[in-house]
Number of protein chains: 2
Amino acid sequence: MTKNDTIYTISDLAQRFDITTRTIRFYESEGLLSPERAGQKRLYSPRDYTTLKLILRGKRLGWSLAESRELIQMYNPAQNNQAQYQKVLERVQESRERLQHQLNDIEVMMLELDEHEDQVRQAMQKT
Amino acid sequence: MTKNDTIYTISDLAQRFDITTRTIRFYESEGLLSPERAGQKRLYSPRDYTTLKLILRGKRLGWSLAESRELIQMYNPAQNNQAQYQKVLERVQESRERLQHQLNDIEVMMLELDEHEDQVRQAMQKT
DNA sequence: ATTTAAGTTTACGTTAACGTCAACGTAAAT
DNA sequence: ATTTACGTTGACGTTAACGTAAACTTAAAT
């Protein structure tokens, strides 16, 4: 078993991801994180670390915290019966479709940028 | 010259893009659109149409209206000197880099979804 | 002539995602 | 023993991106 028992404090994570501790606590209050406690203090595991990474990646793609929370819950091994598993697979598929749509949008945007760069360069020539 | 003189009303556009007229007026108030007028009434050109398409594409990628506005202004042929042109080219490059970053994020997300689907399918077998 | 339908401006309301104090606890360093 | 650094829980503030409602105009249809 490879058990990584690294532990992060809240300011550790804040520094590593360049966010504020307020943000991290907010994510917890929204049900996206659930760190251990040592008394009052929060202790974050490698799992929390990757969850945070997932959240921020989602943000860069315009996903809401609610959507990221769904993803996170989906990744949590809390299911047991076939119906539950089936639902997870459907959610996975939905996420994939959304990502695919975003891929298309990016492609179109890139093409438009290419076109426009050409136009600008041509206009520069005539000067 | 191929001059397309189609004209859209505000509710035309609202229907076609499945948004509200309020949204369209809001975008105008934020400087993203500037339709012609016939008295009080707004008249939208094919150019406005594509601008709206750009805005909504941006939204699906998590771009703010301010960012889309920059893109739109960039696409507007209002520059004349070399320095201005150069700035536009820099902006184009920045946009491309952001899109490239988003592409990477999507790829990672897709891989994670693939992995998780495998895990779920394996768990289903054991039932 | 007057409904009806679509449009307009103005203004206040709402939600998500935090920011910004304030007031306090705790543990290590001087 | 008391700074100093880091943490905690409220609680109110802020911004972006619209929603919603009111009060009014205008053109077309009955």
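Student: Before we start, what counts as a helix or a strand here?
Tutor: Helices are DSSP runs of H or I with at least four residues, strands are E runs of at least two, and both are numbered from the N terminus. Keep in mind that this is a predicted model.

Student: OK. Which element gives the largest share of the surface near DNA strand C?
Tutor: That is α2(A), with four residues.

Student: Which elements supply at least two residues there?
Tutor: Both chains take part. Chain A brings α2 (21-29), while chain B brings α1 (10-17), α2 (21-29) and β2 (41-43).

Student: How many residues surround strand C, and which are the closest?
Tutor: There are 17 around DNA strand C. The closest are A:T20, A:Y27, B:S11, B:R25 and B:R42.

Student: What classes do they fall into?
Tutor: Near DNA strand C, seven residues are charged, six are polar and four are nonpolar.

Student: Sugar or phosphate versus bases: how do the strand C atoms within 4 Å of the protein divide?
Tutor: For DNA strand C, 69% of those atoms belong to sugar or phosphate. The rest belong to bases.

Student: Which side chain has an N or O atom 2.7 Å from a phosphate oxygen of DNA strand C?
Tutor: That one is A:Y27. A:K59 also has a polar side-chain atom 3.1 Å from a phosphate oxygen of strand C. From the other chain, B:R37 places a polar side-chain atom 3.2 Å from a phosphate oxygen of that strand.

Student: Now strand D. Which residues come nearest?
Tutor: Of the 17 residues around DNA strand D, the nearest are A:S11, A:R25, A:R42, B:T20 and B:Y27. By class, the surface near strand D has seven charged, six polar and four nonpolar residues. Sugar or phosphate accounts for 68% of the strand D atoms within 4 Å of the protein.

Student: Which side chain is 3.0 Å from a base oxygen of strand D?
Tutor: B:R22, through an N or O atom of its side chain. Phosphate oxygens of strand D have partners too: a polar side-chain atom of A:R37 sits 3.1 Å from one, and a polar side-chain atom of B:K59 lies 3.0 Å from one.

Student: And which elements give two or more residues near strand D?
Tutor: From chain A, α1 (10-17), α2 and β2 (41-43); from chain B, α2. α2(B) gives the most, with four residues.

Student: Switching topic. How many residues are in the largest nonpolar core?
Tutor: 66. Those with the most contacts inside the core are A:I24, A:L52, B:I24 and B:L52.

Student: What does A:I24 touch?
Tutor: Leaving out residues up to four places away in sequence, A:I24 touches A:I10, A:L13, A:A14, A:I19, A:L33, A:Y44 and A:L52.

Student: Go to α1(B). Which of its residues are buried?
Tutor: B:I10, B:L13, B:A14 and B:F17. Down the axis of α1(B), these fall within an arc of 105 degrees, so they line one face of the helix. They pack against α2, β2 and α3 (46-60) of chain B.

Student: What is on the face turned away from the buried side?
Tutor: The exposed residues B:Q15 and B:R16.

Student: What is the phi of B:D18, just after that helix?
Tutor: It is positive, about 55 degrees. Most residues other than glycine have a negative phi. B:D18 lies in the loop between α1 and α2 of chain B.

Student: Is B:D18 buried or exposed?
Tutor: Exposed, at 70% relative accessibility. In chain A, A:D18 also has a positive phi near 55 degrees. A:D18 is exposed too, with a relative accessible area of 71%.

Student: And B:R57, buried or exposed?
Tutor: B:R57 is in helix α3 of chain B. B:R57 counts as buried because its relative accessibility is 7%, and the cut-off for buried is under 20%.

Student: What does B:R57 touch?
Tutor: Residues of chain A: A:D105, A:V108, A:M109 and A:E112, not counting residues up to four places away in sequence.

Student: Last one. Which residues of α4(A) are buried, and what covers them?
Tutor: In α4 (residues 65-75) of chain A, the buried ones are A:L65, A:S68, A:L71, A:I72, A:M74 and A:Y75. The cover includes α2, α3 (46-60) and α5 (82-125) of chain A, together with α5 (82-125) of chain B.

Key: Residues numbered from 1 in each chain as written. Chains lettered and ligands numbered in written order. Predicted model: local features only at pLDDT ≥ 70, side-chain atom pairs only at ≥ 80, totals over all residues. Heavy atoms only, no water. Core = buried A, V, L, I, M, F, W, Y, C linked by side-chain atoms within 4.5 Å. Buried < 20%, exposed > 50% of the residue type's maximum accessible area, 1.4 Å probe, protein only. Contact = heavy atoms within 4.5 Å. Near = heavy atom within 4 Å. Polar contact = N/O pair within 3.5 Å; in protein donor to acceptor, adjacent residues only side chain to side chain. Nonpolar A, V, L, I, M, F, W, Y, C, P; charged D, E, K, R; others polar. Arc of directions from axis to C-beta.
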